[in-house]
Amino acid sequence: MKKWLKIIVTALPFLYMILIWILSGLPHNAVVELPNGTVDRFLKESLHLIEFGILHLLFIAALLVHGRLTTATHALAAVFAAFYGFIDEIHQAFVPYRSATAIDAVKDLIGVLLVYMIVQRFYFSKRSNWLRSVFVKIEEWFGYRKRESSDQW
């Protein structure tokens, strides 16, 4: 079971990238159609942050299940997720009824950076906290870390 779960978790960021690509190829209102107004615009604009923050989290999960989450691989995953946001904006430039904007690329980057900073602060610090506990439990379950008595679930 662990083997299949590891395969699934490893594939998730790439499947999510395909989903992003497909959704970026659709008109801007094909998936989410809300009444025009400030709330609609704010919600849709904030989805950039969430969308690429999730992508970075999925890369972190894939690294965790392989016991490879280090500061270096974490930074590399963040760069890759941010770069994919940039590629996604270029892709949208060629899609009818879509546009590529620098501000959207910045929002993608901010989403990745927020997740990056949270993980850096809470996982890579040796202080006990909820995020570190969850990540350590995942590593322990997949056999990449021996039980730490200081990290309680």
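**Exercise 1. State the accessible area that the chain exposes and the share supplied by carbon and sulfur atoms.**

Solution. The chain exposes about 9500 Å². Carbon and sulfur atoms supply 72% of that area. These values were computed on a predicted model. Turning to the interior, 36% of the 153 residues count as buried.

**Exercise 2. Describe the order of the elements and the sequence range of the contacts.**

Solution. Begin with the count: the chain has 5 helices and 0 strands. From the N terminus on, the order is therefore simply α-α-α-α-α. Next, take the contacts between residues at least 6 apart in sequence: 64% of them join residues at least 24 apart.

**Exercise 3. Which elements give two or more residues to the largest nonpolar core, and which gives the most?**

Solution. The core holds 21 residues, and L55, I60, L69, V119 and F135 have the most contacts inside it. The elements that give two or more residues are α1 (2–24), α2 (38–65), α3 (71–93), α4 (102–122) and α5 (130–141). The most comes from α2, with 7 residues.

**Exercise 4. Place L55 and L69, two residues of this core, among their contacts.**

Solution. Step one: L55 lies in helix α2. Its relative accessibility is 0%; buried means under 20%, so L55 counts as buried. Step two: beyond its neighbours within four places in sequence, L55 is in contact with P13, Y16, M17, A81 and Y84. The C-alpha atoms of L55 and L12 are 9.0 Å apart, although 43 residues separate the two in sequence. Step three: with residues up to four places away not counted, L69 touches I60, L63, L64, H74, Y123, F124 and F135. I60 and F135 are also listed with L69 among the residues with the most contacts inside the core.

**Exercise 5. Are α3 and α4 roughly parallel or roughly antiparallel to each other?**

Solution. The axes of the two helices come within 8 Å and cross at roughly 165°. Angles over 145 degrees count as roughly antiparallel, so α3 and α4 are roughly antiparallel to each other. The crossing of α3 past α4 is right-handed. On the α3 side, the contact is made by T71, H74, A75, A78, A81, A82, G85 and E89. On the α4 side, D104, A105, D108, L109, V112, Y116, V119 and Q120 take part.

**Exercise 6. Repeat the analysis for α4 and α5, then locate I118.**

Solution. Here the axes come within 8 Å and cross at roughly 85°. This angle falls in the range of 65 to 115 degrees, so α4 and α5 are roughly perpendicular to each other. I118, V119 and F122 in α4 meet L131, R132 and F135 in α5.

I118 is found in helix α4. Its relative accessible area is 43%, so I118 is partly exposed. Residues up to four places away aside, I118 touches Y123 and L131. I118 and L131 are 13 residues apart along the chain, and their C-alpha atoms are separated by 9.0 Å.

**Exercise 7. Where is Y97 placed, and what is the sign of its phi?**

Solution. Y97 is in the loop between α3 and α4. Its relative accessibility is 70%; exposed means over 50%, so Y97 counts as exposed. The phi of Y97 is near 70°, a positive value in a residue other than glycine. For comparison, most residues other than glycine have a negative phi.

Methods
Residues are numbered from 1 along each chain as its sequence is written. This is a predicted model: local features need pLDDT of at least 70, side-chain atom pairs count only at pLDDT 80 or more; totals for chains, interfaces and linings use all residues. Side-chain values use heavy atoms; hydrogens and water are left out. A nonpolar core is a set of buried Ala, Val, Leu, Ile, Met, Phe, Trp, Tyr and Cys residues joined through side-chain atoms within 4.5 Å. Buried means under 20% relative accessible area, exposed over 50%, partly exposed in between (1.4 Å probe, protein chains only). Helices (H or I, at least four residues) and strands (E, at least two) are DSSP runs, numbered from the N terminus. Contact means heavy atoms within 4.5 Å. Accessible areas come from the Shrake-Rupley method with a 1.4 Å probe; for residues, only the protein chains shown count as cover. Axes are lines fitted to C-alpha atoms, for helices over the stretch in contact, and angles run from 0 to 180 degrees between N-to-C directions. Angles under 35 degrees count as roughly parallel, over 145 as roughly antiparallel, 65 to 115 as roughly perpendicular and the rest as oblique. A crossing is left-handed if the near helix is turned anticlockwise from the far one by less than a right angle, and right-handed if clockwise.
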